[in-house]
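Me: I'd like to go through a few of the labels on this structure and ask where each one comes from. Can we start once it's on screen?

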Amino acid sequence: MHKDLDTLIITPEEMGRIDRAAAASGLSGYGLMERAGQAVAAAALRRFPGALRFAVLCGPGNNGGDGYVAARALQEAGAAVAVHALGDPGSLKGDAATAFKAFDGTVAPLAAYGPRPGDVVIDALFGAGLSRDLPEEAVRIIEAVRDSVLPVLAVDLPSGIDGRTGAVRGDAFAAAATVTFMCRKPGHLLLPGRTLCGEVEVFDIGIPARILAGHAGHMRVNTPAVWRIALPVETGATHKYVRGHLAVFSGPATATGAARLSASAGLRAGAGLVTVLSPPEALAANAAHLTAVMLKPVGGPDDLAVLLDDERLKTFVLGPGFGDFGKARTYVREIAGRGRRLVLDADGISAFRDEPDALFRLFAGGEPRLVLTPHDGEFARLFPDLAEDAGLSKIERAQKAAARSHAAVILKGADTVIAAPDGRALVNANAPPWLATAGSGDVLAGIAGAHLAQGMPAFEAAASAVWRHGEAGRAAGEGMTAEDLVGALRGFDRTG
Ligand SMILES: NC(=O)C1=CN([C@@H]2O[C@H](COP(=O)(O)OP(=O)(O)OC[C@H]3O[C@@H](n4cnc5c(N)ncnc54)[C@H](OP(=O)(O)O)[C@@H]3O)[C@@H](O)[C@H]2O)[C@@H](O)CC1
Ligand SMILES: Nc1ncnc2c1ncn2[C@@H]1O[C@H](COP(=O)(O)OP(=O)(O)O)[C@@H](O)[C@H]1O
Ligand SMILES: [K+]
């Protein structure tokens, strides 16, 4: 697989354009289908050597066409095959009709399929072309297969998954594995699609990388390949101020832990200096727990204004455990007005629920210098219309939010999306489920702050923070706490 295609994500709509461009360039559409179907058959034989029978369920479009090719290849390999079609296969068109004609065997109606122990289901009902909820006939078969606990190998996507959004349209197969072609689609990476795909195999059916790149957007899987070039340069001359000074605002005396988690994550993630800015009454609580991280009292906007006279203090994290919404807004105004960079998290985000546009105006224009780190609930406070729009995918929501706020947006969750105001978007895929633990988000905010403090552009700082957070979660292992996550943070592998 071409290295670049490994991380590219393509929407079904883009895939359609790529298909047409491939055909226009003289590439045989049926040739692509033949290779796709052969790849599915090979995966089926490799993954299920003990199958007694392959039940190939074929739909009315090209996904079904892939199914007929796979059925023929399986039959030629000596496997038992039962083919069932949704609709009349006689009315198939184009390449799918050719594939159907090339299959020499009986094709029964879909409704006649009775799951048998030992069956492996090859799901070639719908792929990229699913345009509405599944028909009742397909839903019934999905239920029957689910009840019989048969393994499913999905062609391109499990039928019922919307390739653009990852949403379930009516119902969907839960596949053990999915064989897709050239690149992953959003539905392979966004929930719930991601879990229903099982293991995803990406097979190169021979569309030239040039054609793919020419019609692809700016969506990728979040890997170091995407942002490695923006990593801070490590030179022998590095001293702590070169590695940046990060300041993290603490909440009141009863809620100081969150800021300390962010601060220690920031230090561990490479900021040269980290200072916790604490309300005077919380100084004792903070001092009792800080060593390498420094501590300064900030009681109000006047203290902050004095602090901002130090030009070396360029980067802030505000939100974890912060509590006071009014003060949060005042501090953010001051930070933005003085041209500083900011990771706005948790309470810092909620503080602007009644006036999100005021926040966006503060950071409008120029090089983006705001990173927003909302989970779904916080996202809905700043972008209620986008949160409510069920037609948008999580990627599209994050893209629109980033454009509107002129910020790098980290829309958190098991399928975290990172988006830039210029339209670039990444879907993260390395986070283990045990990252969902108290304080985990505070650690992420601290890492992002450290990256910003070291001079990385906002989008790359955000994306690499999410990736490092995931890696640390994997290294810390199941049962970890947010403190363990900080301890498990590692440096970057700069090779590759
Ligand atoms: N370059 C590539 O990647 C290659 C891709 N290939 C393969 O092509 C697949 C995409 O093929 P595709 O565009 O024909 O779409 P597909 O998923 O078969 O469905 C479309 C059909 O289903 C129908 N239909 C839709 N929703 C429905 C519903 N709810 N209920 C009922 N009907 C519904 C729709 O009807 P219509 O909406 O027009 O009424 C139309 O007839 C892709 O997933 C991959 O497997 C390979 O062959 C090699 C090259
Ligand atoms: N199921 C999951 N799998 C992987 N990562 C997850 C999952 N659930 C949450 N996360 C991640 O864990 C972090 C939780 O952050 P957040 O919701 O702010 O929680 P907290 O406020 O407790 O720190 C986010 O980075 C999020 O992406
Ligand atoms: K399918």
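Reply: Sure. Helices and strands here are DSSP runs, at least four residues for a helix and at least two for a strand, numbered from the N terminus. With that in hand, valine 149 sits in the loop between α5 (136-147) and β5 (152-155). Keep in mind that this is a predicted model.

Me: Why does valine 149 count as exposed?

Reply: A residue is exposed if 12 or fewer other C-beta atoms lie within 10 Å of its own. Valine 149 has 8 such neighbours, so it counts as exposed. Its backbone deserves a look too: phi of valine 149 is near 50°, which is positive although the residue is not a glycine.

Me: And what makes aspartate 156 buried?

Reply: The cut-off for buried is 20 or more C-beta atoms within 10 Å. Aspartate 156 has 29 others in that range, so it is buried. You'll find aspartate 156 in the loop between β5 and β6 (177-181), and its phi is positive as well, near 70°. Most residues other than glycine have a negative phi.

Me: Why is leucine 308 called partly exposed?

Reply: Partly exposed covers what falls between the two cut-offs, 12 or fewer and 20 or more. Leucine 308 has 18 other C-beta atoms within 10 Å, so partly exposed is the label. It belongs to the loop between α12 (301-307) and β12 (313-318). The C-alpha atoms of leucine 308 and isoleucine 335 are 8.0 Å apart, though 27 residues separate the two along the chain.

Me: Now the helix pairs. Why are α2 and α3 called oblique?

Reply: Angles under 35 degrees are roughly parallel, over 145 roughly antiparallel, 65 to 115 roughly perpendicular, and the rest oblique. The angle between α2 and α3 (62-76) is about 55°, with the axes 7 Å apart. That value is in none of the three named ranges, so the two helices are oblique to each other. Their crossing is right-handed.

Me: What makes α2 oblique to α4?

Reply: Here α2 (residues 29-47) and α4 (residues 94-102) pack at about 55°, and their axes are 9 Å apart. By the ranges above, that makes α2 oblique to α4. This crossing is right-handed too.

Me: How do you know that α20 is close to its expected span?

Reply: The expected span is 1.5 Å times one less than the number of residues. For α20 (residues 458-476), with 19 residues, that gives 27 Å, and the helix reaches 26 Å from first C-alpha to last. As for cover, 15 of its 19 residues are buried. Glycine 477 follows α20 with a positive phi, near 85°.

Me: What about the reach of α19?

Reply: With 14 residues, α19 (residues 440-453) reaches 20 Å, close to the 20 Å expected. Of its 14 residues, 14 are buried. Just after α19 comes glycine 455, with a positive phi of about 95°.

Me: Last one: which residues come nearest to ligand 1?

Reply: Gly61, Asn62, Asn63, Gly127 and Gly129, out of 27 around ligand 1. Among the elements, α3 gives the most to that shell, with five residues. Ligand 2 has 16 residues around it, the closest being Lys412, Ala414, Ala431, Ala436 and Gly441, and α19 gives the most there, with four.

Technical notes:
Residues numbered from 1 in each chain as written. Chains lettered and ligands numbered in written order. Predicted model: local features only at pLDDT ≥ 70, side-chain atom pairs only at ≥ 80, totals over all residues. Near = placed C-beta within 6 Å. Axes fitted to C-alpha atoms, helices over the stretch in contact; angles between N-to-C directions. Left-handed = near helix turned anticlockwise from the far one by under 90°.
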